[in-house]
Structure formats: C-alpha cells, structure tokens
Amino acid sequence: MKIATWNINGVRARIDNLVAWLNESRPDIVCLQEIKSQDEAFPRAEIEALGYHVETHGQKGFNGVAILSKLRFDEVTPRLAGDDADDHSRFIEGVFSVRDGKGRKTALRVVSLYLPNGNPVGTEKFAYKLGWMQRLERWATDRLTLEEPLVMAGDYNVIPEPIDARYPENWTGDALFQPETRQAFRRLSALGLTDAIRAVTDEPLYTFWDYQAGAWQKNNGIRIDHLMLSPEAADRLTGASVEKHVRAWEKPSDHVPAVVELALLPAA
DNA sequence: ATGCCTGCGGTTCGCAGA
C-alpha cells in the first residue's frame, strides 16, 4: 500500500498537476496540505473520477488539509484536540480497514497535518507553533496506545537535522530550525515514531524549494514534509521516497510529494 | 539589507508562506 503526503499550495490552482501525479504515481492514500480552499469549493469531482474517496477540512484563503483514499473511510476526524480556540484547519484523521500479508485484519490510521510555520521567532506565531507541537505529542501519545499501524504525514515545517537543508547556516534564525522546534520533533521520535525517509536513507533529500531566488535551479532545498510511523507501521515499511521530479513540472507547488510503501492491503 | 515568487481574497494591493 502506497501512502503519500504533498503540500499542494492551493488545490484549485494545482488540480491539473494533482490529477497528472495521481495518474502517474497511483497512491492508495494521499494526505494534502495547504489546499487553500473551503470544503464546498474543493475540486472533488476530478479526484473522485479517478476512484478516490475525498475528505476535506478546509477554510477560506489559506491552510486546509485533506485525505484522498482508494479505501473507504471507516472514520474521519478533523481538528487536533487540545485547544478549542484554534480555528486553523491543519489536521484531519482517517481510519481504514486493512489486512497484512498473513491476512490478519487491522485498522490503519492516517493523519494529514499542516504544522504552523512559526515565523518570526519570538512572536505569538512561534508560541503557537510550539503549542501545536505539544498538542500533537499528546495526541500521538494517546493514539500509540492503540498499537495500530499509524501514519502521521504532512508538512511539519521542521528541518530535523543539518543534513535536511542544503545550506543549514541560512536557517539558524528561522522557526523551522530552532532548537526548540527540533527538540519537539525529536520528542515525537522518542515516543516511538519513525521518520520513514530517514529509515531508508542517510542521503540529503529535500521536499521544498522556495519559488524565489532560483532556489530550485540551485537545489537550495529543505526537507520539511515527513511521514512518521508507529512501530506497527514501521515494521511493515518496504520503501520510502521523495518524488522530486514533480518540482520541475509547469506551475509546480513549492513542495513535492513524499511517499511510503507499507506491506498492507485493503481489507477486501 | 531587502526582495526575489505564488495563491488567494477581493480588488489592482495586502497577507501568508518558509
């Protein structure tokens, strides 16, 4: 089973790219971020025509997340618990019925998350980012007790290590690379979550290249889109990759898809 | 040092992004 995450930077502006990529890559489940669309304006017909179920948690103008799935949703939950005053659409959780290679049935839980950027450091925006990360840690702690395959996929807006930036020295003052930010990300690992890309390679890989200053042409990128796996998902990891070529397409998002392959099948 | 692009909302510029 192939599960992907992609910050699409406006799903209505990017629908042609999205359809082309779905046809090419044929993922089973796709987590989208920054759909920048209200739910009723989401271009669901084009995606449903390819055989996907669509669940969205959007808002006007910015943010917004969605999950596309060839499997039927057993459950859908928008919003990250822990702050009723938080009105940003940054989190949606879906549950699916799957079976492993031995035919054993289990629930597969998939999250599409868009973690706050947090810039500039030292403002309420940075405090919001750290608070959101603390809420995510609490949520993950709770869900890990279920001992299910869980994929927490999305735009974390976190550069975990220096190797995850082409020029790490350029990011020292940035919210994406602050010690507190990196520490909060490491706390997720300490809960038992596995960074799928880093489980398969130590090579430098990037998922974002700024539109400005020729960042793509100079390969001035950062790795900030991650798929974090519970032990039950990590045990079934058979591959992980970044679909870098999509950044060279016409009218691209500034992010590219990241993908994991798990040894799981739809529950039939 | 600053802006460089891009999408969106709602008008022809401001905000947000990273």
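Hi everyone, let's start in the middle of the protein. The largest nonpolar core here has 68 residues, and Ile-3, Leu-32, Val-110, Val-151 and Leu-227 are the ones with the most contacts inside it. Strand β7, residues 105-114, supplies the largest share of this core, 5 residues. As a reminder, nonpolar side chains tend to be buried together in soluble globular proteins. And please keep in mind that we are looking at a predicted model.

Let's zoom in on one of those core residues. What does Ile-3 touch, once we leave aside its neighbours within four places in sequence? The contacts of Ile-3 are Pro-27, Asp-28, Ile-29, Val-110, Val-151, Ala-153, Val-260 and Leu-262. Two of these names, Val-110 and Val-151, you have just heard in the core list.

Next, Ala-240, which sits in strand β13, residues 237-242. Is Ala-240 buried or exposed? Ala-240 has 22 other C-beta atoms within 10 Å, so it is buried. Again leaving aside neighbours within four places in sequence, its contacts are Ala-196, Ile-197, Ala-199, Val-200, Leu-227, Val-259 and Val-260. For a sense of scale, the C-alpha atoms of Ala-240 and Glu-169 are 27 Å apart, with their positions 71 residues apart along the chain.

Now to a pair of helices. The axes of α3, residues 124-144, and α4, residues 179-190, come within 10 Å and cross at roughly 5 degrees. Angles under 35 degrees count as roughly parallel, so α3 is roughly parallel to α4. From α3, the contact uses Leu-130, Met-133, Glu-137 and Ala-140, while α4 brings Glu-180, Ala-184, Arg-187 and Leu-188. By class, that contact has 5 nonpolar residues, 3 charged and no polar ones.

A few backbone details for those of you who like torsions. The peptide bond from Asn-119 to Pro-120 is cis, with omega near -5 degrees, and Pro-120 lies in the loop between β7 and α3. Asn-63, in the loop between β3 and β4, has a positive phi near 55 degrees. Asn-63 is partly exposed, because it has 19 other C-beta atoms within 10 Å. Asn-157 also has a positive phi, near 50 degrees, and is found in the loop between β8 and α4. With 26 C-beta neighbours inside 10 Å, though, Asn-157 counts as buried.

Last stop, the DNA. Which residues come nearest to DNA strand B? Of the 22 around that strand, they are Gly-10, Ala-13, Gly-61, Asn-117 and Ala-213. The surface near DNA strand B divides into 8 nonpolar, 8 polar and 6 charged residues. Thanks for listening!

Methods. Residues are numbered from 1 along each chain as its sequence is written. Chains are lettered from A and ligands numbered from 1 in the order in which they are written. This is a predicted model: local features need pLDDT of at least 70, side-chain atom pairs count only at pLDDT 80 or more; totals for chains, interfaces and linings use all residues. A residue is near a molecule or strand if its C-beta atom, placed from the backbone, lies within 6 Å of it. Ala, Val, Leu, Ile, Met, Phe, Trp, Tyr, Cys and Pro count as nonpolar, Asp, Glu, Lys and Arg as charged, and the others, Gly among them, as polar. Axes are lines fitted to C-alpha atoms, for helices over the stretch in contact, and angles run from 0 to 180 degrees between N-to-C directions. Helices (H or I, at least four residues) and strands (E, at least two) are DSSP runs, numbered from the N terminus. Angles under 35 degrees count as roughly parallel, over 145 as roughly antiparallel, 65 to 115 as roughly perpendicular and the rest as oblique. Two residues are in contact if their C-beta atoms, placed from the backbone, lie within 7 Å. A nonpolar core is a set of buried Ala, Val, Leu, Ile, Met, Phe, Trp, Tyr and Cys residues joined through C-beta atoms within 7 Å. A residue is buried if 20 or more other C-beta atoms lie within 10 Å of its own, exposed if 12 or fewer, and partly exposed in between; C-beta atoms are placed from the backbone.
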